[in-house]
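Q: I would like to learn how to read a model like this one, feature by feature. Could you take me through it?

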Amino acid sequence: MLVAPSLLSADFSRLKDEVIEITEAGADLIHLDVMDGMFVPNITFGPPVIKALRPHSHLPFDVHLMIEKPERYIKEFVDAGADYLTVHVEACVHLHRTLQEIKSHNIKAGVTLNPHTPIESIINVLDLCDLVLVMSVNPGFGAQTFIPSSLKKIRTLKNYRMENNLNYLIEVDGGINEQTGKLCLENGADILVAGNYIFSSKDRKQAINSLKVLK
Ligand code: DX5
Ligand code: ZN
């Protein structure tokens, strides 16, 4: 199981140190939540902050765009150092084109769905996806409760990948802890995003490891 700590729950006054700490604590990717106050009610940070953090970790930067019309900013996030760029299907009129454009920069393209959004809405772009992010909370805030219906989506995506010889990774985001992480793993998740569970823990290394060793 790969683990992607979400910086949303980090101490924003010392982001650089937080990035270094979770890198040394054994994270596999660093999950960066970009919010615009429109697509979601909250506002976080954008390309300049990601660019400033980039030199402080060798791990892939997994950038989750919770912004309207993300196609406007693809180049900025590529230049800032994103390795995975994930957009919401609900925020893109021309999702296929947006994914093509992300891939044209030779980085990984991801697509994500809100809890109410059916998998059918992305079926026709799955061949372009390196990553599918299943939102297991309504995006916008950390420390929310895991929505159990996400498990069926994970399972369906896993079966669909097998039946159609596709390669996308399945990532789950929201309300992840040891218990919910285990359920995600059992249903086919490859990557767990966790914010509150890792950053509120006294021993972050132990918290990351408790997800990595799930079986
Ligand atoms: C929610 C974000 C998540 C968030 C998860 O909108 O996309 O990445 O940080 O936080 P936890 O793990 O605390 O639910
Ligand atoms: Zn996220």
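A: Gladly. This is a predicted model, and a good place to begin is strand β6 (residues 131-135), which is mostly covered: five of its five residues are buried.

Q: Which residues of β6 point one way, and which the other way?

A: Leu131, Leu133 and Met135 point one way, while Val132 and Val134 point the other way. Residues on both sides are buried. As a general idea, nonpolar side chains in soluble globular proteins tend to be buried together.

Q: With which strands does β6 pair, and over how many bridges?

A: Look for the partners on either side. With β5, the strand β6 pairs in the parallel sense over four bridges, and Gly110 stands opposite Leu131 there. With β7, the pairing of β6 is again parallel, over five bridges. In that pair Met135 stands opposite Asp173.

Q: What is the strand order in the open sheet?

A: Eight strands follow the order β1-β8-β7-β6-β5-β4-β3-β2, with parallel pairing. The edges belong to β1 (2-5) and β2 (30-35), each of which has a single partner strand, so one side of each lacks a neighbour in the sheet. From one strand to the next, the twist averages 25 degrees. Helix α4 (residues 95-104) packs on the sheet and touches β4 (84-88) and β5 (108-113). The direction of α4 makes about 150 degrees with that of β5.

Q: How many bridges join β7 and β8?

A: Three bridges join β7 (residues 169-173) to β8 (residues 191-194), in the parallel sense. One point to find on screen is Glu171, whose bridge partner in β8 is Ile191.

Q: Asp173 came up earlier. Which residues are the protein donors of the zinc ion (ligand 2)?

A: For a metal site, read the donors, then the angles, then the spacing. The protein donors are His31 (NE2), Asp33 (OD), His64 (ND1) and Asp173 (OD), at 2.0 to 2.3 Å from the zinc ion (ligand 2). The site has six donor atoms, and with angles of 70 to 169 degrees among them it is octahedral. Along the sequence, the donor residues follow the spacing H-x1-D-x30-H-x108-D.

Q: Are His31 and Asp33 buried or exposed?

A: His31 and Asp33 are both buried.

Q: Which residues have the most contacts inside the largest nonpolar core?

A: They are Leu7, Val63 and Ile122, in a core of 61 residues. Helix α3 (residues 74-80) supplies the largest share of this core, four residues. Beyond its neighbours within four places in sequence, Leu7 is in contact with residues including Phe12, Ile30, His31, Leu53 and Phe199. Another core lies apart from the largest one and has nine residues, among them Ala4, Leu29, Leu133 and Met135.

Q: What about loops: where does Asn114 lie, and is Asn114 buried or exposed?

A: Asn114 is in the loop between β5 and β6. Its relative accessibility is 8%, under the 20% cut-off, so Asn114 counts as buried. Leaving out residues up to four places away in sequence, Asn114 touches Phe39, His88, Glu90, Met135, Pro139 and Lys153.

Q: Which residue in the loop between α4 and β5 has a positive phi?

A: That is Asn106, with a positive phi of about 60 degrees although it is not a glycine. Asn106 has 73% relative accessibility and therefore counts as exposed. Asn165, in the loop between α5 (150-163) and β7, also has a positive phi, near 55 degrees. At 69% relative accessibility, Asn165 counts as exposed.

Conventions. Residues are numbered from 1 along each chain as its sequence is written. Chains are lettered from A and ligands numbered from 1 in the order in which they are written. This is a predicted model: local features need pLDDT of at least 70, side-chain atom pairs count only at pLDDT 80 or more; totals for chains, interfaces and linings use all residues. Side-chain values use heavy atoms; hydrogens and water are left out. Two strands pair if DSSP finds at least two bridges between them. Helices (H or I, at least four residues) and strands (E, at least two) are DSSP runs, numbered from the N terminus. Axes are lines fitted to C-alpha atoms, for helices over the stretch in contact, and angles run from 0 to 180 degrees between N-to-C directions. Contact means heavy atoms within 4.5 Å. Donors are N, O and S atoms within 2.8 Å of the metal (3.2 Å for Na, K and Ca); water is not among the atoms, so sites may look incomplete. Four donors count as tetrahedral if all angles lie between 85 and 135 degrees; four count as square planar and six as octahedral if opposite donors are over 155 degrees apart and all others between 65 and 115; anything else is irregular. Buried means under 20% relative accessible area, exposed over 50%, partly exposed in between (1.4 Å probe, protein chains only). A nonpolar core is a set of buried Ala, Val, Leu, Ile, Met, Phe, Trp, Tyr and Cys residues joined through side-chain atoms within 4.5 Å.
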